[in-house]
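Visitor: Could you take me through one part of this structure in close-up? I would like to see how a single helix sits among its neighbours, and then what surrounds it.

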Amino acid sequence: MRTTGTTDGPVTAAVSIDGRPVAVDGAWVAVGPPNYAPDVIGWRTLYDQLVDVYVACGWMPMPERVSFTDDVLPALRRLSNLQWVNQGFATLFGKGCPMDFESEALIAKLAAVPDPVIKADPYAELRQVVFNSFRPSYPKVEEPPLWPHAWPWLYGDSYGSFTNDAPDNYLSLPSVREVQLRRWVAGDFVDDWPPKAPPPATLKDVPLNGQPAMLDKAALHYCLADAFHPGCEMTWPLRHASMYEAPFRIRHRPPGQPEPDYGDELTQAIALKPGGPVYAQGPGDLSRWMALPWQGDTAFCRSGYDFEYDPYIPTFWPARVPNQVLTEQDYAIVMNAGLPRAQRIAAFNRRALWLRALTTPHVPAPEVMMRMIRHFGNLGIVEARDGIEGDPDFPAVIFVETLTATRLKNAAMEATRRLARKPEPPTRVEQAGWASEEQHREFRSIRVRHR
């Protein structure tokens, strides 16, 4: 948690076996900002994004077989997984909620293939309704600013820089995933749930010929693809096939070769031409497109910008930068079987603002960002803890915010108490995490200006 900057660069090696040289490809290492929810997977991973790129340019084939376990369930379960970092997702997709995609009963229905013998498909409409809930990749349509109903409730590249009804303000289905889900809706998929064997726990559990591909996937699975505005770890150039020599291999600029001079203005035509900045890469070229300092976007890119629509959704990068979290105090209530059940359920459904220690009343937005720069290493980490097995209201694994720095922990607890002491329920702007209407307007104006 001592990382103060981001960087990237090539890694090369000379390999020999029994004295004989072996040809190997170079790799690339990138250092991003801290991951505050390390076991929460983003709805669309960077691996998913790159598969879309390689299928589109012909380097990888479109998958012929649609697996419920590998292709369909991840798109659904990741919505439920976001319950630990955003209260809006917790309310619909959380434990025991209408779209709890961890529910064995719901998964069994979604995994059921049509019966070819008796021509029965009892859950066809359920699959269709679930699919219809997602924002399609095409056609791209303008959405009114208070109408982000479609899943996922995540912002896209355009939000904050274009008009309130710009087509890319919210995320849509990735191209390969959309094809797979359409085939699932049509009943053209393999019901391989539950898996016959547990997933491999270590790399050595993977067959030898699959280990290189698993290493590629493992590195990219925990990185985010969206929203590239500019992004949380990496950003939009990675969507261009010109960046790569082969799948998952960044195109290296030869050592000692300086980057071309692109002139005083970097236009789209210059940026995308062969030999341009979205072509061969040198040290630092991936991270140079990111926010500086990264703490600025981490403090600004959260949820509740349109709190009149909803205080918690849409959101930016909750899988890395949480919005609302389950506190240790509420976790203790949940796990105390001696307390009234209603009190325990209320505690489980309650979420606290992750940044509550930094966004105290009457603090201007620039000071919030400076606090983020000073204290980013002490902010809460969302970690997995034991839950309650076989309970209808509480899951077997519960993700809890852990705060270790005494000063920040005390500030967070005081912020929670201050809101609880109010004689009236919190306003929508307070639920969204803003200390006041003025602070919300200031944050939103800065978000638009600094793009």
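Guide: Happily; what follows is a close look at helix α1, then at its neighbours, and then at some other places in the chain. Please keep in mind that this is a predicted model.

Let us set the scene with the whole chain. It has 15 helices and ten strands. Its C-alpha trace spans about 70 × 65 × 50 Å along the principal axes. For 451 residues, a compact globule would have a radius of gyration near 22 Å, and the 23 Å of this chain agrees with that. Buried residues account for 46% of the 451. If you take the contacts between residues at least 6 apart in sequence, 69% of them join residues at least 24 apart.

Now to α1 itself, which covers residues 46–57. With twelve residues at 1.5 Å each, the helix should span 16 Å; its end C-alpha atoms are 17 Å apart, which agrees. How many of its residues are buried? Ten of the twelve are, so α1 is largely enclosed by the rest of the structure. The buried residues are L46, Y47, D48, Q49, L50, V51, D52, V53, Y54 and V55. Notice that D48 and D52 are in that list, alongside L50, V51 and V53. Just after the helix comes G58, with a positive phi near 90 degrees.

What do those buried residues pack against? Their partners are three helices, α2 (68–81), α6 (175–185) and α7 (211–221), together with the strands β5 (244–246) and β6 (249–250). Several of these partners are worth a visit.

Start with α6, where you will find E178. At 6% relative accessibility, E178 counts as buried, the cut-off being under 20%. Leaving aside residues up to four places away in sequence, E178 touches F131, P136, S137 and L173. Its C-alpha atom is also 10.0 Å from that of A75, although the two residues are 103 apart along the chain.

Next is α7, in which Q211, D216, L220 and H221 are buried. The buried residues of α7 pack against α1, α2 and β6. From α7, follow the loop towards β5 and you meet A227. A cis peptide bond joins D226 to A227, with omega about -15 degrees.

The two strands that α1 packs against, β5 and β6, have a loop between them, and F248 is in that loop. F248 is not a glycine, yet its phi is positive, at about 65 degrees. With a relative accessible area of 18%, F248 is buried, the limit being 20%.

For a contrast in setting, go to the loop between α4 and α5 (124–132), the place of K119. Here too phi is positive in a residue other than glycine, near 55 degrees. K119, however, counts as exposed, at 72% relative accessibility. Another exposed residue is G96, with a relative accessible area of 56%. G96 belongs to the loop between α3 (87–93) and α4 (104–111). Its C-alpha atom is 58 Å from that of G256, and the two are 160 residues apart along the chain.

Helix α3 brings us to one more place, for Q87 lies in that helix. Q87 is buried, with a relative accessible area of 14%. Apart from residues up to four places away in sequence, Q87 touches Y312, Q324, N349 and R351. Q87 and I313 are 226 residues apart in sequence, while their C-alpha atoms are 8.3 Å apart. I313 itself takes part in a cis peptide bond, to P314, with omega about -5 degrees. P314 is in the loop between α9 (294–300) and β7 (324–325).

Finally, step back to the outside of the chain. The accessible surface comes to about 22,200 Å², and carbon and sulfur atoms contribute 58% of it. There are 46 positive and 53 negative side chains, and the centres of the two sets are 4 Å apart. To return to your request: α1 is a helix with ten of its twelve residues buried, and those buried residues pack against α2, α6, α7, β5 and β6.

Note on methods
Residues numbered from 1 in each chain as written. Predicted model: local features only at pLDDT ≥ 70, side-chain atom pairs only at ≥ 80, totals over all residues. Heavy atoms only, no water. Helix = DSSP H or I, 4+ residues; strand = E, 2+ residues; numbered from the N terminus. Rg over C-alpha atoms; globule rule 2.2 N^0.38 Å. Buried < 20%, exposed > 50% of the residue type's maximum accessible area, 1.4 Å probe, protein only. Contact = heavy atoms within 4.5 Å. Areas by Shrake-Rupley, 256 points an atom, 1.4 Å probe, with all protein chains shown as cover. Lys, Arg positive; Asp, Glu negative; His and termini not counted. Charge placed at Lys NZ, Arg CZ, Asp CG, Glu CD. Expected span 1.5 Å × (residues − 1).
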